Every structure is written in C-alpha cells, then in structure tokens.
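Work through the exercises below with the sequence and the model open beside you. Try each task before reading its solution.

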Amino acid sequence: MSINTFPYSLYLVISEADCMGKNFLEVAEQSILGGVDIIQLREKNDNNEIFLQKATQLIEITDKYGIPLIINDNITVTEKVNSAGIHVGNSDATPRDLRQRPLIGNKMIGYSIEHLAQLGNEQTAVADYLGISPVFKTKTKTDTIIEWGLEGITQIRQLTEKPLVAIGNIHLKNARAVINAGADCLAVVSAICSAADPQKVAYELKNEIVK
C-alpha cells in the first residue's frame, strides 16, 4: 500500500469491553453511519477462537459499507478473516516480518510510534501509517511510555511523510487541535464506544475533522 493512499480520517478502535455492555457490532455500524471510515478490532484478552468469531461478525458489517477492517496484533485472525490490515506495536510482530508473510505482505500495516528514534527505523519504512500513541493519557491503554501532546504530533509531522493516526483521549473538544497539529487521522475508542449515541458522536467528530 502506498503511503499516498490513506484516505481515512476517522478511525474507530473497538473492543467489546469498551462498548460498556452495548452490542459492539451495533456500535460499529452506528459509527460507520456517523462517519467512521476505518475500524480496528482490538481484543487483547481474547483467545484466537473468540477473537476470530468477533472479527468474522464485524467484517460482515465493514464489508457491507466498504470500510477497511484492521486487526490489532493478531496474525492468525488477520489471515483467517482476510482483513484489510493489521496494526502492531513495539512488543508485537514487526512490520518487516509481516511484509514477508504471503497472506499479510500486501495488506495495510500500521505501526505505533512511542519514541522519535523509531521514525528512522526499518519498521517505520515498511509501515503504511504510523499510530501516534497516546496523544493524551488514556485509561484504555496503559502500557505506553510517552504522552506526545500536540507538540509531539507537530514534531513527528516535520520528520516523516507517513500518514499519522493520532490516538489517546481524543474527543470533540480537542479533535480539531490534533488535526491542526499535523495528524492525518483521528483514532478514538471511548469517545464513540461508550457514547449513548455512537452515530451522533462519530458525525460530530467527522465534522470537526473536515471543517
């Protein structure tokens, strides 16, 4: 995938737990109707069988709307469900290794950046987009090292032409500022997953991005 073909601006990272008792499939569909244009399924605590079951259900919805489904850090599920791509962090399989796998090599590969030094490594070079994580501290992801802030996004933007997907406590009040700082795409979890009306929140976030 070319780094110039990342047309997505509102990225939902979803798990069943983050949906706070709501049907995660319904939340996903509502978010798409509101403006989400790419979805990542992140189920860190599920075994492969349960993760695959959820991914199989979710991809029916994403395929219906022509929305890419990204799988978080699970090669088996990525291959079996034939998702659009996979997202990995620093403790996961590397983008370079993934490029060597016949069933994944041509898929979209996202790579999380936690240190500026990563921008010059071979993993970044072969990734399709970079996850900037977290922009602001968040309860949904506690294993990160740095809080980038708006200044961090701007700094990274000056050092790479790769698409930047910003994630970490992003919501309506700071969405525009994150885009203005240099992010190409906003990834959200709680803002949509825990919302009473996911479609409405997705619509409002999308409007902040495109205005």
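**Exercise 1. Which residue of β8 is the bridge partner of Val165?**

Solution. Step 1: in β8, the partner of Val165 is Cys185. Step 2: β7 and β8 run parallel and are joined by three bridges. Two strands are said to pair if DSSP finds at least two bridges between them. Helices (H or I, at least four residues) and strands (E, at least two) are DSSP runs, numbered from the N terminus.

The model is a predicted one, in which local features need pLDDT of at least 70 and side-chain atom pairs count only at pLDDT 80 or more, while totals for chains, interfaces and linings use all residues. Residues are numbered from 1 along each chain as its sequence is written, and side-chain values use heavy atoms, with hydrogens and water left out.

**Exercise 2. Find what pairs with β8 on its β1 side, and decide whether the faces of β8 are covered or open.**

Solution. Step 1: β1 pairs with strand β8 (residues 185-188) in the parallel sense, over three bridges. Step 2: within this pair, Leu10 stands opposite Leu186 of β8. Step 3: Cys185 and Ala187 lie on one side of β8, Leu186 and Val188 on the other, and all are buried, so both faces are covered. Here buried means under 20% relative accessible area, exposed over 50%, and partly exposed in between (1.4 Å probe, protein chains only).

**Exercise 3. In what order do the eight strands close into a barrel?**

Solution. Step 1: the order is β1-β2-β3-β4-β5-β6-β7-β8, and the pairing is parallel. Step 2: neighbouring strands of this sheet are turned by 25° against each other on average, direction ignored. Step 3: as background, strands of a sheet pair through backbone hydrogen bonds, either parallel or antiparallel.

Step 4: now place two helices on the sheet. Helix α6 (residues 149-159) packs there, touching β6 (129-132) and β7 (164-167), and its direction makes about 165° with that of β7. Helix α9 (residues 198-210) also packs on the sheet; it touches β1 and β8, and its direction makes about 145° with that of β1. Axes are lines fitted to C-alpha atoms, for helices over the stretch in contact, and angles run from 0 to 180 degrees between N-to-C directions. Contact means heavy atoms within 4.5 Å.

**Exercise 4. How many residues of strand β5 are buried, and which strands pair with β5?**

Solution. Step 1: six of the six residues of β5 (residues 108-113) are buried, so this strand is largely enclosed by the rest of the structure. Step 2: Met108, Gly110 and Ser112 point one way from β5, and Ile109, Tyr111 and Ile113 point the other way. Step 3: strand β4 (residues 85-88) runs parallel to β5 and is joined to it by four bridges. In this pair, Gly85 stands opposite Met108. Step 4: β5 and β6 also pair in the parallel sense over four bridges, with Ile113 opposite Ile132 in β6.

Step 5: Met108 has a further link to examine. Phe6 lies in the segment before β1 (10-14). Phe6 and Met108 are 102 residues apart in sequence, and their C-alpha atoms are 9.6 Å apart in space. Phe6 counts as buried because its relative accessibility is 12%.

**Exercise 5. Describe how α1 packs against α2.**

Solution. Step 1: helix α1 (residues 24-34) and helix α2 (residues 48-65) pack at an angle of about 20°, with their axes 10 Å apart. Step 2: that makes α1 roughly parallel to α2, since angles under 35 degrees count as roughly parallel, over 145 as roughly antiparallel, 65 to 115 as roughly perpendicular and the rest as oblique. Step 3: the residues in contact include Phe24 and Leu25 of α1 and Leu58 and Ile61 of α2. Step 4: by class, this contact has eight nonpolar, two polar and three charged residues. Ala, Val, Leu, Ile, Met, Phe, Trp, Tyr, Cys and Pro count as nonpolar, Asp, Glu, Lys and Arg as charged, and the others, Gly among them, as polar.

**Exercise 6. Where are the residues other than glycine with positive phi, Asp73 and Asn82?**

Solution. Step 1: Asp73 has phi near 50° and sits in the loop between β3 (69-72) and α3 (75-81). Its relative accessibility is 28%, so Asp73 counts as partly exposed. Step 2: Asn82 has phi of about 55° and sits in the loop between α3 and β4. Asn82 is exposed, with a relative accessible area of 55%.
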